[in-house]
Amino acid sequence: MVRENLRVVQSRQKSYADGLELKVDDFVYLKVSPMRGIRRFHMKGKLAPRYISPFKIVERKGEVAYKLELPSKLSGIHDVFHVSQLKKCLRVPEEQAPLEGLDVQEDLTYTEHPVKILETSERVTRNRRIKMCRVQWKHHTKDEATWERKEELRATYPDLFASHL
C-alpha cells in the first residue's frame with residue numbers, strides 16, 4: 001500500500017514537471033520565499049510566491065532539474081534547481097526585476113520590512129478589543145498590504161510608529 005501511494009505521488013509530481021518545457025539557453029525566474037521574521041515563515045496565504053531575475057539555463061540535469069547561470073552575488077547557492085522552483089521567462093531578459101533591492105539568503109529567503117501603516121482599525125471580540133494596522137510591506141504594492149496586530153508591530157518595528165500619527 002505504501003509503494004502504491006508513493007507511485008501515485010511520484011506520478012502526480014512528474015505530471016507537474018512535464019507541463020513545463022525548458023531548453024538550454026532559455027531564461028527562467030527563480031522562486032524565493034519572503035519571510036517577515038520568525039512568526040511569518042511558512043504561513044500560507046500571506047504573500048504570493050516571488051520570483052527573481054531571469055537566469056539562463058546552462059544545462060539540463062536529469063529529467064526535472066536544471067543548472068542555472070547565477071551571478072556572483074548568489075555564489076553561495078547551489079546552481080541546480082528542480083523544475084518546480086522555476087518559472088519560464090516570457091519577456092526579453094533585458095526587462096528583468098532588479099536583484100539589488102533584495103537581500104537573498106542562501107536558503108532563498110529574504111526578510112520583509114514594513115514601509116508604512118495605511119490605516120488602523122479595532123476588532124471587537126466578546127472580551128476585548130484588538131487594535132489592528134493595515135501595513136504596506138517593502139517590495140509589495142498597497143493592494144498586497146496585510147492586517148497585523150498593533151502590539152506585535154510596535155514591539156517588532158518601533159520606528160514604524162514614529163512616522164505614523
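Does E148 count as buried or exposed, and at what relative accessibility? Select E148 in this predicted model, and you will find the residue in strand β9, which covers residues 146-149. At 2% relative accessibility E148 counts as buried, because the cut-off for that class is under 20%. Display the side chains of E148 and T146 together, since a polar contact of 2.7 Å links the two.

Next, go to D26, which sits in the loop that connects α1 (2-18) with β1 (27-35). D26 is another acidic residue that is buried, and yet this residue has no salt bridge, the nearest side chain of opposite charge being that of K88 at 4.0 Å. If you show the backbone as well, the side chain of D26 can be seen to reach the backbone nitrogen of K23 at 3.0 Å. Once neighbours within four places in sequence are set aside, the residues in contact with D26 are E21, F55, K56, I57 and K88.

From that list, keep I57 selected and follow its pairing, for the bridge partner of I57 in β3 is L68. Strand β2 (residues 50-61) and strand β3 (residues 65-69) run antiparallel and are joined by 5 bridges. In the hairpin that these strands form, 3 residues lie between β2 and β3, and G62 adopts a positive phi near 75°.

Finally, move across β3 to strand β4 (residues 80-82), which is antiparallel to β3 and joined to it by 3 bridges. To see this pairing at the level of residues, select K67 together with V80 of β4, which stands opposite K67.

Terms used: Residues numbered from 1 in each chain as written. Predicted model: local features only at pLDDT ≥ 70, side-chain atom pairs only at ≥ 80, totals over all residues. Heavy atoms only, no water. Helix = DSSP H or I, 4+ residues; strand = E, 2+ residues; numbered from the N terminus. Buried < 20%, exposed > 50% of the residue type's maximum accessible area, 1.4 Å probe, protein only. Lys, Arg positive; Asp, Glu negative; His and termini not counted. Polar contact = N/O pair within 3.5 Å; in protein donor to acceptor, adjacent residues only side chain to side chain. Contact = heavy atoms within 4.5 Å. Pairing = 2+ DSSP bridges.
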